[in-house]
There are 2 protein chains.
Amino acid sequence: MKSHQVTIKDIAKILDISASTVSRALKDHPDISIETKNKVKELAEKLKYKPNAIALSLQSNKSHIIGIIVPQIVNHFFSTVISGIEELAAEKGYNIIITQSNESQKKELANCQTLLSGRVDGMIVSRTKNTENFDHFRNILSTGTPIVFFDRTCHGIKTDKVIIDDYKAAYDATEYLIKTGCKNLLHFAGPENLKISSKRMWGFADALKRNNIFFNEEMVYYADNFSKGYNLTFELYKSNHLPDGIFTVNDMTAAGTLSALNELKIKVPDEISVFGFTNGIISQITSPSLSTVEQNGYLMGYSAAEILINKIENETTDTISKIIPTKLIIRNSTKKL
Amino acid sequence: MKSHQVTIKDIAKILDISASTVSRALKDHPDISIETKNKVKELAEKLKYKPNAIALSLQSNKSHIIGIIVPQIVNHFFSTVISGIEELAAEKGYNIIITQSNESQKKELANCQTLLSGRVDGMIVSRTKNTENFDHFRNILSTGTPIVFFDRTCHGIKTDKVIIDDYKAAYDATEYLIKTGCKNLLHFAGPENLKISSKRMWGFADALKRNNIFFNEEMVYYADNFSKGYNLTFELYKSNHLPDGIFTVNDMTAAGTLSALNELKIKVPDEISVFGFTNGIISQITSPSLSTVEQNGYLMGYSAAEILINKIENETTDTISKIIPTKLIIRNSTKKL
DNA sequence: AAAGAACTTGCAATCGTTTGCGAGTGCGTT
DNA sequence: AACGCACTCGCAAACGATTGCAAGTTCTTT
């Protein structure tokens, strides 16, 4: 197999000229005569010559590859971000290599090694929930390979990031619930050490306080996926602690909550309002459809790629924190204003 | 930037020995004395030396990269397949480069060029809906780069593929609808030139015929995404053509249909049963939850990677068509047996 | 004491491409 | 007729790593 792709040398041999001439002819170097250029180009076309990107990388010390690490590919938000990255990358002539950490710090570390060994020009990363030690990222940065973080960032590392204003978005969503008449709210939160989670939690808390509603930590439960949302809702029901409004840290948790409420025959939004976060596809499919915060993943990916490529090509050193605007998407799981 | 990653030469220079010695020392070649080995390994560790994968690729003519082309990354099925590929690839020491065609033949062609230029060791592909001309794939195969197709395959190209038995799965799903009492069935289908679509259609048709139910082409409508399913359902309602059972080509179409039926206050499954295809996350989230065909994307990806890597490493020439088993997942959008 | 064996290590070519510099030809000018 | 200048093109080194072969040193053996 690998029956040999055509190289410059092959063309040179057939035409009985040197490889350098072929190289120059292919890129219209003025030193080369028109006849030679034509001969070369014609043969290259005929043999379907494609430059060997690997050889070019070795030579130029640039791979034109962007490495990506996400917790999981099978996730609407992350795949949307990847799609945004891919879009700009393809346009700018970069390839993307994707790895997933599966929320395991060990795998994340291995991914870093692999990408470093693959000499990617830069990396775009959303870290695992559990990671507390960020030395592996610091090591990469010290080699001169730029990293842009998105969504889940790393506290204490000075580098570029693309994020949303989680605090404000959560504040706004919570305030919407209050304005539509909810008086007894709960928050289903993600892990505390994840900045996006804690910010959303504080946005929730502060919205209550500023609206003169009592807040304490017992109004925050840990639940950040479908089944946790589902189970928690049942538990609250059994212990007679169901509120009249729930703000969840993401859409999947909200979907689990809605699913449980449906089974319990509790009417949404009449008895309980539910507000999600992310605006994934599922928010249109739940019954009732889910009010949520639009977190433009595509734009986040596109922006991250934009910042990274700029850094790669212009070798600037200043770091950027780009904030992607969010907005409330009001559907049928909440009451109208 | 790119402040220079450590190379073998750097180590050689510091230790005042040759690059060849360093190379051999690092791989425990018996020619090298233990003292030298220790010195080299120690320094390599200290400087965090990582072999330059690009140089190795150039040398060995193997990139250890698998190229992937999917219509879109933001799609539960495709991202699940990618996840399966990534899993085995990572285990076997391969990286994956992902490109998306966005259902555009032009982009698909460009992706082929890029991957070929990147000298990927092999490719895993699901083609666009529209592609009719497969010459670009033939050209790749003629360079000796193996391709494994999955799900959407290419008629007339002799190469490996990983598929499901779409005909049988559709037949079984349809028969289930019949057995649970549906007498007036419709099929919401995908494009005819897509083999998976036409096979599902024929499975539907034959299930009717074998169960002595009249079939003609007017029982097949074209609708293969959420909004088409949604709109078509409304149209059928208005023209008074709603059936008592619908088998859709995929889950998203079924979700659109369910959404419309919900708005029309038509009871599922009492008045109309709906059967989907794929078993994506959304099938658990719709209301009622969706009966569907499980199409194990993860396993498809894993198997495709398995076949491809085997082909790359063992250079076999026989082609495989692997069929991933499916099964019916019965939820609440259909009646019970 | 000389010769060969055993043990270490370095040289150079290779993978495909680019690029500075040197060299060869043919022409026109003085 | 001799010189210089365009115009073409090739040589060789470089990118990082590997590897067959040659070469160097040290030690043992006769």
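**View 1. The domains of chain A.** An automatic or database domain assignment divides chain A into domain 1 (8-51), domain 2 (63-164 + 297-324) and domain 3 (166-295). Taken over C-alpha atoms, the centres of domain 1 and domain 3 of chain A are 65 Å apart. This is a predicted model, where local features need pLDDT of at least 70, side-chain atom pairs count only at pLDDT 80 or more, and totals for chains, interfaces and linings use all residues. Residues are numbered from 1 along each chain as its sequence is written, chains are lettered from A in the order in which they are written, and side-chain values use heavy atoms, without hydrogens and water.

**View 2. The protein surface near DNA strand D.** Here 25 residues surround DNA strand D (near: a heavy atom within 4 Å), and the closest are A:Thr21, A:Arg24, A:Thr36, B:Ile8 and B:Ser23. Of the strand D atoms within 4 Å of the protein, 59% belong to sugar or phosphate and the rest to bases.

**View 3. Close-up of individual atom pairs at DNA strand D.** A side-chain N or O atom of A:Arg24 sits 2.6 Å from a base oxygen of strand D. In chain B, a backbone N or O atom of B:Ala55 is 3.3 Å from a base nitrogen of strand D, while a side-chain N or O atom of B:Gln59 lies 2.7 Å from a sugar or linking oxygen of strand D.

**View 4. The axis relating chains A and B.** Chain A superposes on chain B (least squares on C-alpha atoms of residues with pLDDT of at least 70 in both) by a rotation of 180° with 0.0 Å of shift along its axis, RMSD 0.1 Å. The two copies are thus related as by a two-fold rotation axis. In chain A, the C-alpha of A:Ile97 is nearest the axis, 2.3 Å from it.

Definitions and conventions: Polar contact = N/O pair within 3.5 Å; in protein donor to acceptor, adjacent residues only side chain to side chain.
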